[in-house]
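Biologist: I would like to go through this model with you, from its overall dimensions down to single residues. Please keep each answer short.
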Amino acid sequence: MLSEKIIQKPAKRKFDVNEIRKDFPILNLQINGKPLCYLDNAATTHKPDIVIEGTKHYYTHENANIHRGLHFLSEAATQSYENARLKVKEYINAMSSSEIIFVRGATEAINLVAATMGNGKFIGEGDEIIVSNMEHHANIVPWQMLCERVGAKLKVIPINDNGELILEEYDKLLNEKTKMVSIVHISNSLGTINPIKEIIDRAHKFNVPVLIDGAQTVQHSRVDVQDLDCDFFVFSGHKVFGPTGIGVLYGKTSYLNQLPPYQGGGDMIRTVSFDQTTFDGLPNKFEAGTPNIVGGIGLGVALLYINSFDINDIIEYETKLLEYATEKLLSINGLKIIGTAKEKASVISFVIDGIHSYDIGTMLDTYGIAIRTGHHCSQPTMKRFGVSATARASFVLYNTFEEIDRLYNGLLKIKKMMA
Ligand code: PMP
């Protein structure tokens, strides 16, 4: 099978950033005559050569449509795709691989849950859905659309000035009308790591299901959905060193079995006649049509890649990067960090007095430094902090202390120029 063929490295590698950087061919690029300094990892991560090789291997050795063919290639493609599902199951410790639904990304996963939960059984008129003030638009808009459709209400957990959830306010929002809690684990705009186990426990006291938006989680920390006891967990492949256009919806079997299909078509049915259609079981019920086969396979390989390290080494290294970058950036006069939670992942949003974040981003690009600027698809979070946009640097396992120095020096140059 593909993934076994291309992973020949020992189970747990020594954490050596110089060796890790060699795995990512794009990091050798020169941008505007300077070595690429890529600090936009919360938007998307780069791909290690084994993921690139994995997708090439699929197209050169296994390309066929899955599930329906009896020929050699179709069997091979099906096996690789289903093996990838198994890898996801193992990675997040789901009970069964049928609880792993391949979707386009975190956005589609949340839309799937919001749309199907509004189909009569779970959420209706007068019911309430709880999100927080630090959600990505992907975890706001699908719920708003549902509310609009069925007459439910969206309730919002406020956050304090550090960008932490105010849990006492969460307690006040939970009641018998609450039918869903949907919360981000790690905020893409603030870097806050939320106490999701606590949030899940409190919701379960009211028998309310919880969806965790893990779009910024899997690349930074371990996930164990059984230990968390979350009812749904979503993430995107492209943020965890895998391909774009593929993502995961994990759902507990008990919920997934009760939800109606999201889309209809081939592969999700048992029988079809003009009088009646019967649907297939999990996970096929939610995967209508030809899926992103190569994306699923690439994601499986990406998870094997992350798993080739001890996750504690990754966490320790990224924490050091975060501490170093925080200290450096705070030493710049007029720079303010937005999001100063005690529990933080390696994401730093900042503003500088008198300089628009777009100018910061544009000028840094001329030095070969890629950061993100704007509202980070979290306009309500920006509003909470009284800004329209921030500049955001986000680090993963292949970033270095030298790159943070380059960011720091770049910002000093920009300040001097704009003075
Ligand atoms: N939630 C969070 C916290 C995110 O950071 C993102 C991506 N920026 C999303 C959801 C949506 O992910 P995607 O665009 O990959 O569907």
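Modeller: Helices and strands here are DSSP runs numbered from the N terminus, with at least four residues for a helix and at least two for a strand. The model is a predicted one.

Biologist: In which loop is N93, and is N93 buried or exposed, or partly exposed?
Modeller: Phi of N93 is near 55°, which is positive although the residue is not glycine. Most residues other than glycine have a negative phi. N93 sits in the loop between α4 (72–92) and β4 (100–103). Its relative accessible area is 32%, so N93 is partly exposed.

Biologist: Is F241 buried or exposed?
Modeller: F241 also has a positive phi, near 75°. The residue lies in the loop between β9 (232–236) and β10 (247–251). The cut-off for buried is under 20% relative accessible area. F241 has 1%, so the residue is buried.

Biologist: Which residues does the cis peptide bond join?
Modeller: Most peptide bonds are trans. The proline of this cis bond, P283, is found in the loop between β12 (277–279) and α11. Omega is about -5°, and the bond joins L282 and P283.

Biologist: What radius of gyration does the protein have?
Modeller: The C-alpha trace spans about 75 × 55 × 35 Å along the principal axes. For 419 residues, a compact globule would have a radius of gyration near 22 Å, and the protein agrees with this at 22 Å.

Biologist: What share of the contacts with a separation of 6 or more comes from residues 24 or more positions apart?
Modeller: The secondary structure comes to 15 helices and 17 strands. Of the 419 residues, 57% are buried. Residues 24 or more positions apart make up, among contacts with a separation of 6 or more, 71%.

Biologist: Where does the largest nonpolar core lie with respect to the domains?
Modeller: This core has 100 residues, and V181, F350 and L411 have the most contacts inside it. Helix α11 (residues 293–307) gives the most to the core, with nine residues. Residues come from both domain 1 (4–47 + 310–418) and domain 2 (58–307), so the core lies between these two domains.

Biologist: How many residues does the other core have?
Modeller: This core lies apart from the largest one. Among its members are F122, W143, L211 and F286, and its size is 30 residues.

Biologist: With which residues is F350 in contact, leaving aside neighbours within four places in sequence?
Modeller: F350 is one of the residues with the most contacts inside the largest core. Its partners beyond those neighbours are L329, L335, K336, I337, I338, I360, T390, A391, A393 and L411.

Biologist: On which side of α3 are its buried residues?
Modeller: Helix α3 (residues 49–62) has 14 residues and reaches 19 Å, close to the 20 Å expected. Its buried residues are I50, V51, G54, T55, H57, Y58 and E62. They cover an arc of only 155° around the axis, which puts them on the same side of α3. Exposed on the other side are Y59 and T60.

Biologist: How far apart in space are T373 and T362, C-alpha to C-alpha?
Modeller: T373 belongs to strand β16 (residues 372–374) and, at 21% relative accessibility, counts as partly exposed. Leaving aside neighbours within four places in sequence, T373 is in contact with S357, Y358, G361, T390 and A391. T362 is 11 residues from T373 in sequence, and the C-alpha to C-alpha distance is 9.0 Å.

How values were computed
Residues are numbered from 1 along each chain as its sequence is written. This is a predicted model: local features need pLDDT of at least 70, side-chain atom pairs count only at pLDDT 80 or more; totals for chains, interfaces and linings use all residues. Side-chain values use heavy atoms; hydrogens and water are left out. The expected span of a helix is 1.5 Å times one less than its number of residues. Buried means under 20% relative accessible area, exposed over 50%, partly exposed in between (1.4 Å probe, protein chains only). The arc is that of the directions from the helix axis to the C-beta atoms. A nonpolar core is a set of buried Ala, Val, Leu, Ile, Met, Phe, Trp, Tyr and Cys residues joined through side-chain atoms within 4.5 Å. Domain bounds come from an automatic or database domain assignment. Contact means heavy atoms within 4.5 Å. The radius of gyration is taken over C-alpha atoms; the globule rule is 2.2 Å times the number of residues to the power 0.38.
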